[in-house]
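Please walk through the model below one region at a time, beginning with a single acidic residue and widening the view from there to the chain as a whole.

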Amino acid sequence: DFKEAIKHFTEAISHDPTDHVFFSNRSACYASLEQYEKALEDGSECVKLKPDWPKGYTRKGLAEYWLKKYDDAVETYKAGLKLAPEDATLKEGLAKASDAKYDIPSHSGGGGMFGKFDPAALATAAIKNPKLKEYMQDK
């Protein structure tokens, strides 16, 4: 129960507001409840408290993504990848946020934290992307 967990993490934060893990976990709970503004607040605080912890960037980037702050999400995921270049979640987040800027459908195999792949929409979305538009023209 995410609402119950939020209460417990809030209580824990009141006892130790310097523990980045409490903010990370509460951010995940808020995101699970689609309360992305609150998820972003906690994800940001997590990164502020522990800037060398990659998972904080996944929390912050995910909230930014769902708030359609794609440029911010891209920068957040890039910052996390500087710390953990092989982190699959950060890589996926960066790809999703980059694609979302141009309205390109997800390219993961399905599910994940971002939704399902829609191959039928890919060509239409690619035409909207100025980087791909020239390749989509018949010559």
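**From one aspartate to the whole chain**

Once its neighbours within four places in sequence are set aside, Asp42 is in contact with Phe23, Arg26, Ser27 and Tyr30. This is a predicted model, and what follows should be read as a description of that model. Asp42 has its place in helix 3, and with a relative accessibility of 4%, under the 20% limit, the residue counts as buried.

Among those contacts, Arg26 deserves a separate look, since the side chains of Asp42 and Arg26 are joined by a polar contact of 2.5 Å. The two residues also form a salt bridge, with the closest N and O atoms 2.5 Å apart. Because Asp42 lies in helix 3 (residues 36-49) while Arg26 lies in helix 2 (residues 20-32), the pair ties together parts that are 16 residues apart in sequence. Both partners are buried, Arg26 as well as Asp42. As a general matter, side chains of opposite charge can pair when their charged atoms come close.

The count of salt bridges in the model comes to eight, and two others show different settings for such a pair. In one of them the side chains of Lys7 and Glu4 meet, at 3.9 Å from N to O, a distance that is accepted because the cut-off is 4 Å. Lys7 and Glu4 both lie in helix 1 (residues 2-15), three residues apart, or about one turn of the helix. Lys7 is exposed, having a relative accessible area of 55%, whereas Glu4, at 35% relative accessibility, counts as partly exposed. In the other, Lys50 is paired with Asp52, the closest N and O atoms being 3.5 Å apart, and Lys50 counts as partly exposed at 29% relative accessibility.

Helix 1 can now be considered along its length and around its axis. At 1.5 Å a residue its 14 residues should span 20 Å, and the end C-alpha atoms are 20 Å apart, which agrees. Ile6, Phe9, Ala12 and Ile13 are the residues to follow here, as they are buried in helix 1. These four cover an arc of only 125° around the axis, and therefore sit on the same side of helix 1. On the other side of helix 1, Lys3, Lys7, His8, Ser14 and His15 are exposed. Helix 2 is included in what covers the buried residues of helix 1. At the start of helix 1, a side-chain oxygen of Asp1 comes to within 3.2 Å of the backbone nitrogen of Lys3.

Returning to helix 3, we find 14 residues that reach 20 Å from the first C-alpha to the last, close to the 20 Å expected at 1.5 Å a residue. The buried residues in helix 3 are Tyr36, Ala39, Leu40, Asp42, Gly43, Cys46 and Val47, and what covers them includes helix 2 and helix 4.

Helix 6 (88-101) likewise has 14 residues and reaches 20 Å between its first and last C-alpha atoms, close to the expected 20 Å. Its N-terminal end is capped by Asp87, a side-chain oxygen of which lies 3.0 Å from the backbone nitrogen of Thr89. Within helix 6, Leu90, Gly93, Leu94, Ala95, Lys96, Ala97, Asp99 and Ala100 are buried, and the buried residues of helix 6 pack against helix 4 and helix 5. After helix 6 comes Asp103, whose phi is positive, near 60°.

Which residues have the most contacts inside the largest nonpolar core? This core has 23 residues, and those with the most contacts inside it are Tyr65, Tyr77, Leu90 and Ala97. Two or more residues of the core come from each of helix 1, helix 2, helix 3, helix 4 (54-66), helix 5 (70-83) and helix 6. Helix 5 gives the most to this core, with five residues. In soluble globular proteins, nonpolar side chains tend to be buried together.

Finally, the chain can be taken as a whole. The protein chain has eight helices and zero strands. Of its 139 residues, 39% count as buried. When contacts between residues at least 6 apart in sequence are considered, 40% of them join residues at least 24 apart.

Note on methods
Residues are numbered from 1 along each chain as its sequence is written. This is a predicted model: local features need pLDDT of at least 70, side-chain atom pairs count only at pLDDT 80 or more; totals for chains, interfaces and linings use all residues. Side-chain values use heavy atoms; hydrogens and water are left out. Buried means under 20% relative accessible area, exposed over 50%, partly exposed in between (1.4 Å probe, protein chains only). A nonpolar core is a set of buried Ala, Val, Leu, Ile, Met, Phe, Trp, Tyr and Cys residues joined through side-chain atoms within 4.5 Å. The expected span of a helix is 1.5 Å times one less than its number of residues. The arc is that of the directions from the helix axis to the C-beta atoms. Contact means heavy atoms within 4.5 Å. A polar contact is a pair of N or O atoms within 3.5 Å; within protein, one must be able to donate a hydrogen and the other to accept it, and residues adjacent in sequence count only if both atoms are side-chain atoms.
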